[in-house]
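Work through the exercises below with the sequence and the structure in view. Each task is followed by a solution in steps.

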Amino acid sequence: MNKLDTAKRASILHMLVEGVSMRATARLADVSINTVSKLLVEAGYACAEHHDRAVRGIHARRIQCDEIWAFCYAKEKNVERAKAAPGGAGSVWTWTAIDSDSKLMISFEVGDRSADTAKELMEDLQPRLATRVQLTTDGHRPYLEAVERSFGRDVDYAMLVKLYGQPTGDKGHERKYSPSECVGARKRAIQGRPSRRHVSTNHVERSNLTMQMGMRRFTRLTNGFSKKLENHLHMLSLFFCHYNFVRTRKTLRVTPAMAAGVDDRLRDMEWIVGLIDARAPKPNRPKTYRKREISN
């Protein structure tokens, strides 16, 4: 069976985390789209396992959470009349929790925008932390029950509720592409004694932009959206593993994993290829026969 060398696979994965679509990656790397898809699946599994194993015992002080929208196969309003829509088609929300100091992406969950996904995020986040933290979210109500259920009283929790005015621009078609103006924000203490100075979602919202720039699936008004929910999940696992362990933060001059103390060296894309190879099944050795069996 033919197998791409390490440098070639690293190049393909590098293009995927830099915002290149799968078909464009296949053309640039001169491989088939099936090869790119298969490599993404392998990388997704390997990166998810490494994240779950390595990102634990985090000594953080401030955590920010947010959720970002995308869609799979078709937008929610078009799913009913879409042909052969797979399971998971429609709106897909990615919930994230980031360490404000190290910029480490500690936890992420994919689902809808309901209380169930909020609970899954907090249930995954809480065991990964080794210290009491100040937690900030936006005003999305499902966070309230989710945080209380997972953290209880062992958290300093606040909500940042932003107030928006009318969308800017004229009343024509361009209005739907113009963001509403933020006219103010309310800082609301929910649990413990959160410092008002650090009640912010700036870092997690900036990471949302990084996701949109680094994954073609999040780019609006294109045909690069996810066609399968499974591949959407694999891409997220690959991207966040690269973000945490490979990509150097210019302000910190190290990777988020190094800044958070969960890794001690700068990794590269070949290292991610090594994670793939490490979990690959070992090839079966050819059967050997003893001399007596041969003589018979």
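**Exercise 1. Find the sign of phi in the glycine that follows H5, then describe the faces of this helix.**

Step 1. Glycine 152 comes after H5, and its phi is positive, near 65°. Helices (H or I, at least four residues) and strands (E, at least two) are DSSP runs, numbered from the N terminus.

Step 2. The model is predicted: local features need pLDDT of at least 70, side-chain atom pairs count only at pLDDT 80 or more, and totals for chains, interfaces and linings use all residues. Residues are numbered from 1 along each chain as its sequence is written, and side-chain values use heavy atoms, with hydrogens and water left out.

Step 3. H5 covers residues 142-151, and its buried residues are Pro142, Tyr143, Ala146, Val147, Ser150 and Phe151. Buried means under 20% relative accessible area, exposed over 50%, and partly exposed in between (1.4 Å probe, protein chains only).

Step 4. These buried residues line one face of H5, because they fall within an arc of 115° when seen down the axis. The arc is that of the directions from the helix axis to the C-beta atoms.

Step 5. Glu148 and Arg149 are exposed, on the face of H5 turned away from the buried side.

Step 6. An α-helix has 3.6 residues a turn, so residues three or four places apart point the same way.

**Exercise 2. Locate two residues other than glycine with positive phi, tyrosine 73 and leucine 221.**

Step 1. Tyrosine 73 has a phi near 70°. The loop between strand S1 (62-72) and strand S2 (90-99) holds tyrosine 73, which is partly exposed at 27% relative accessible area.

Step 2. For leucine 221, phi is about 60°. Leucine 221 sits in the loop between helix H6 (202-214) and helix H7 (229-245) and is exposed, with a relative accessible area of 66%.

**Exercise 3. State which residues touch the most other members of the largest nonpolar core.**

Step 1. A nonpolar core is a set of buried Ala, Val, Leu, Ile, Met, Phe, Trp, Tyr and Cys residues joined through side-chain atoms within 4.5 Å.

Step 2. The largest such core has 70 residues, and Leu13, Ile63, Met122, Leu125, Leu135 and Leu238 touch the most other members. H7 gives the most to this core, with eight residues.

Step 3. Leaving out residues up to four places away in sequence, leucine 125 touches Ile63, Cys65, Ala97, Ile106, Ser107, Leu135 and Phe151. Contact here means heavy atoms within 4.5 Å.

**Exercise 4. Count the disulfides in the whole structure.**

Step 1. A disulfide is a pair of cysteine sulfur atoms within 2.5 Å. The search finds zero disulfides.

Step 2. Take cysteine 72: the closest cysteine sulfur, in cysteine 47, is 20 Å from its own, so the two are too far apart for a bond. Cysteine 72 is buried, with a relative accessible area of 0%.

**Exercise 5. Count the salt bridges and describe the pair of arginine 113 and glutamate 67.**

Step 1. A salt bridge is a side-chain nitrogen of Lys or Arg within 4 Å of a carboxyl oxygen of Asp or Glu. The count comes to 16 salt bridges.

Step 2. In the pair of arginine 113 and glutamate 67, the closest N and O atoms are 2.9 Å apart. Arginine 113 is in the loop between strand S3 (105-111) and helix H4 (115-125), and glutamate 67 is in strand S1, 46 residues apart.

Step 3. Arginine 113 is partly exposed at 35% relative accessibility, whereas glutamate 67 is buried at 7%.
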